[in-house]
Amino acid sequence: MYNEKICSKIKKNMAMFILLFFGLTLILSACFFVAHSDHNCMDDKCMVCVQLYHCEQLVKNIAVALAFLTLGKGIVYLISHFLYFLVSFKNANKYTLIGKKIRLNI
Ligand SMILES: [Zn+2]
């Protein structure tokens, strides 16, 4: 049985899980970067440097994804408000006394 309240709660929990996952990923990557940024690198194929590179790329990718997500949401917000303005401007005369053709006998 489809229940909208349960579906909304599942969506909310999934969003919180994704937010927690990205937040933990960013925090742990930053901690790893800070802890190992000044290690003694003596080899060309250092595994710590490889991990630092992957952490850096992960943080950059998440930052770019969040930027595009924010930009996309902002564009959708602007377009929806612009369309609402156009529709309300077009229908503005329908809800006045003149638009409804109501005559006031004063
Ligand atoms: Zn190294």
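What percentage of the 106 residues of the protein count as buried? Just 1%. Keep that in mind as you click around, and remember that this is a predicted model.

**Stop 1: the whole chain.** Show everything as a cartoon. You'll find two helices and zero strands in the protein. Zoom out and look along the principal axes: the C-alpha atoms fill a box of roughly 95 × 35 × 20 Å. The radius of gyration of the protein is 27 Å, whereas a compact globule of 106 residues would come in near 13 Å.

**Stop 2: helix 1.** Select residues 4–36, which make up helix 1. That's 33 residues, and from the first C-alpha to the last helix 1 reaches 48 Å, close to the 48 Å expected at 1.5 Å a residue. Try hunting for buried residues here: the number in helix 1 is zero, so this helix lies largely in the open.

**Stop 3: helix 2.** Now select residues 47–90 for helix 2. Helix 2 has 44 residues, and its first and last C-alpha atoms are 64 Å apart, close to the 64 Å expected at 1.5 Å a residue. One of those 44 residues is buried, so helix 2 also lies largely in the open.

**Stop 4: where the helices meet.** Show both helices together. They pack at an angle of about 145 degrees, with their axes 10 Å apart, and the crossing of helix 1 and helix 2 is left-handed. Turn on side chains for the helix 1 part of the contact: Phe22, Thr25, Leu26, Ser29, Phe32, Phe33 and His36. Across from them, helix 2 brings Val48, Gln51, Leu52, Cys55, Leu58, Val59 and Ile62. Colour the contact by residue type and you should get ten nonpolar, four polar and no charged residues. The spacing of the numbers may catch your eye: an α-helix has 3.6 residues a turn, so residues three or four places apart point the same way.

**Stop 5: after helix 2.** Move on to Lys101, in the segment after helix 2. Check its backbone: Lys101 has a positive phi of about 55 degrees, although it is not a glycine. Is Lys101 buried or exposed? With 7 C-beta neighbours inside 10 Å, Lys101 counts as exposed.

**Stop 6: Leu104.** Leu104 also sits in the segment after helix 2. Leu104 counts as exposed because it has 5 C-beta neighbours inside 10 Å. To finish, draw a distance line from the C-alpha of Leu104 back to that of Leu52, one of the contact residues you lit up in helix 2. These two residues are 52 apart along the chain, and their C-alpha atoms are separated by 77 Å.

Terms used. Residues are numbered from 1 along each chain as its sequence is written. This is a predicted model: local features need pLDDT of at least 70, side-chain atom pairs count only at pLDDT 80 or more; totals for chains, interfaces and linings use all residues. Axes are lines fitted to C-alpha atoms, for helices over the stretch in contact, and angles run from 0 to 180 degrees between N-to-C directions. Helices (H or I, at least four residues) and strands (E, at least two) are DSSP runs, numbered from the N terminus. A crossing is left-handed if the near helix is turned anticlockwise from the far one by less than a right angle, and right-handed if clockwise. Two residues are in contact if their C-beta atoms, placed from the backbone, lie within 7 Å. Ala, Val, Leu, Ile, Met, Phe, Trp, Tyr, Cys and Pro count as nonpolar, Asp, Glu, Lys and Arg as charged, and the others, Gly among them, as polar. The expected span of a helix is 1.5 Å times one less than its number of residues. A residue is buried if 20 or more other C-beta atoms lie within 10 Å of its own, exposed if 12 or fewer, and partly exposed in between; C-beta atoms are placed from the backbone. The radius of gyration is taken over C-alpha atoms; the globule rule is 2.2 Å times the number of residues to the power 0.38.
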